[in-house]
Amino acid sequence: MTPKVRLTAKERGAEVLQAAVQAFAMSGYDGTKTDEIARLAGVSQPYVIRLFGTKQELFLAAVRSACDRIEQTFRDAAAEAPELGALGRNYERLFEEPEILLVLLQGFSASGDPVIGDCVRERFGRIYNLVRELTGASPQQAREFLSTGMLLTVMSAMQVMGPDAIPMPWAEEIQGTFGEH
């Protein structure tokens, strides 16, 4: 029998956050219960609350985590080639982590809540500024880049792009317009 390894509070918190990202990605802010997240993480619901305080704080942590992942994806791309095309190609790798993009969309959807909205607006602004900083893109170029990224994100959420894409002629036609972007 293998001895049970005890995780540190930080490691357990990371597991709870990953479970929250998965749960919020699928059910959104309003549709996700903290006891569901606890079950996914293999901990008690009171422990989830002890770690994050409230469901809202846990959702904000999930949104921040998704945005951190996107920002790191862009930084990694820019380290190799500081151009919009490189950032876009790296962003497409996130299709293999659909929960990241779905949490981002859920964050936009929940932005009517003032606290969530403030966080989402601030983080999207950071992504915009990071794109400009890393590539030297003009405001219009950054807008076009983010617009394309949002279309890709929505298409990924609809499962017409990405590793498990459902083939749809209209989606394939749109994808064909992207070229090297």
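**Figure 1. Contacts between helices α1 and α6 in the predicted model.** Residues Gln 18, Val 21, Phe 24, Ala 25, Met 26, Ser 27 and Gly 28 of α1 meet Glu 99, Leu 102, Val 103 and Gln 106 of α6. The axes of the two helices lie 8 Å apart, and α1 and α6 pack at an angle of about 60°. Angles that are neither under 35 degrees, nor over 145, nor 65 to 115 count as oblique, and α1 and α6 are therefore oblique to each other. The crossing in which α1 passes α6 is left-handed.

**Figure 2. The buried face of helix α2.** Helix α2 comprises residues 34-41, of which Thr 34, Ile 37, Ala 38 and Ala 41 are buried. Seen down the axis of α2, these buried residues fall within an arc of 100°, so they line one face of the helix. An α-helix has 3.6 residues a turn, so residues three or four places apart point the same way. Against the buried residues of α2 pack α1 (9-31), α3 (45-52) and α4 (55-80). Just after α2, Gly 42 adopts a positive phi of about 75°.

**Figure 3. The segment annotated in UniProt as "DNA-binding region".** The unreviewed UniProt entry places this feature at residues 33-52. Over residues 33-52, the chain is 80% helix and 0% strand. The end C-alpha atoms of this stretch are 14 Å apart.

**Figure 4. Buried residues of helix α5 and their surroundings.** In α5 (residues 84-92), the buried residues are Ala 86, Leu 87, Gly 88, Asn 90 and Tyr 91. The elements covering them include α4, α6 (98-109), α7 (114-135) and α8 (139-157).

Note on methods. Residues numbered from 1 in each chain as written. Predicted model: local features only at pLDDT ≥ 70, side-chain atom pairs only at ≥ 80, totals over all residues. Heavy atoms only, no water. Buried < 20%, exposed > 50% of the residue type's maximum accessible area, 1.4 Å probe, protein only. Helix = DSSP H or I, 4+ residues; strand = E, 2+ residues; numbered from the N terminus. Arc of directions from axis to C-beta. Contact = heavy atoms within 4.5 Å. UniProt positions renumbered as here; feature names shortened; annotations may be inferred. Axes fitted to C-alpha atoms, helices over the stretch in contact; angles between N-to-C directions. Left-handed = near helix turned anticlockwise from the far one by under 90°.
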